[in-house]
Amino acid sequence: MTGGRVFEAATGDGPAPPDPAVDPAAAEHRTAEVRVAYEGMLQIRRLTTTSGGDPGAVPAPWERHRPVRAVALALEAAGIPPSARDPDGARTATGYRVAPGERTGTVRVEWLGPPGGGAARDEERALAACARALDRLGWEPLLYKGPRGRRFLEAEPLDAASGP
């Protein structure tokens, strides 16, 4: 908790993170919060890894029980921008959106933005960056094409036994 509130990684469905050009102090504070949360996640991995392998290679039980939060944190910590919505639900920023996947324990990662903002044009490159960030942390991201040809990732945690 910071300032009486619980840290929440940006899933792409909330407000836009602070803009460094508009509010540098708030943006710096958010970056520090993300860094602390990410380091905490890695510490949890180190403490719960029983295989003796690389703690960064396989998601911890905490992440498996909260995959949307874990994947959102991984993407935000990698410096990939989240999408955002205004209070009326309209998209205001282009970036990733993390939501529960169709199967238990999986997540869906989409690249979304405001209408006419170019998200569809950039999604292949952007989702590839998301996939690399997740792969490094023991998530298996698979690229799919959905309705209207829009791409998305479905990611699931690797098992300790099948990890790299």
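**Exercises: a buried arginine, a helix and a sheet**

**Exercise 1.** Leaving aside neighbours within four places in sequence, find out which residues Arg30 is in contact with.

*Solution.* Start with the list: outside that sequence window, Arg30 is in contact with Phe7, Glu8, Ala9, Ala10, Pro18 and Glu76 (contact: heavy atoms within 4.5 Å). Before going on, note that this is a predicted model, where local features need pLDDT of at least 70 and side-chain atom pairs pLDDT 80 or more, while totals for chains, interfaces and linings use all residues. Residues are numbered from 1 along each chain as its sequence is written, and side-chain values use heavy atoms, leaving out hydrogens and water. Next, place the residue: Arg30 belongs to helix H1 (helices are DSSP H or I runs of at least four residues, strands E runs of at least two, numbered from the N terminus). Last, check the accessibility: at 15% relative accessibility, Arg30 counts as buried (buried is under 20% relative accessible area, exposed over 50%, partly exposed in between, with a 1.4 Å probe and protein chains only).

**Exercise 2.** Work out why helix H3 (residues 67-77) is largely enclosed by the rest of the structure.

*Solution.* Count first: nine of the eleven residues of H3 are buried, so the helix is largely enclosed. The buried ones include Pro67, Val68, Leu73 and Glu76. Then look for the cover: among the elements over these residues are helices H1 (24-48), H2 (61-65) and H4 (119-136), plus strands E3 (95-100), E4 (107-112) and E5 (139-145). Finally, step off the end of the helix: just after H3, Gly79 takes a positive phi of about 85°.

**Exercise 3.** Figure out in which order the four strands of the open sheet run, and how they pair.

*Solution.* The order is E3-E4-E6-E5, with antiparallel pairing (strands pair if DSSP finds at least two bridges between them). E3 and E5 each have a single partner strand, so they sit at the edges with one side lacking a neighbour in the sheet. Now zoom in on one pair: E3 and E4 are joined over six bridges, and Gly95 stands opposite Leu112 in E4.

**Exercise 4.** Describe what Glu110 touches, not counting residues up to four places away in sequence.

*Solution.* Glu110 lies in strand E4 and, at 15% relative accessibility, is buried. Its contacts are Gly95, Tyr96, Arg97, Leu127 and Phe152. Now the side chain: Glu110 makes a polar contact of 2.8 Å with the side chain of Arg97, and one of 3.5 Å with that of Arg108 (N or O atoms within 3.5 Å, one able to donate a hydrogen and the other to accept it; residues adjacent in sequence count only if both atoms are side-chain atoms).

**Exercise 5.** Search the whole structure to see how many aromatic pairs it holds.

*Solution.* The search turns up one (Phe, Tyr or six-membered Trp rings with centres within 6.5 Å; planes under 30 degrees apart are stacked, over 60 edge-to-face, the rest tilted). The partners are Tyr144 and Phe152, stacked at 5.6 Å centre to centre and 25° between the planes. Tyr144 is partly exposed at 35%, whereas Phe152 is buried at 10%. One last step: the charged end of Arg108 sits over the Phe152 ring, 3.6 Å from its centre (NZ of Lys or CZ of Arg within 6 Å of the centre and within 35 degrees of the ring normal).
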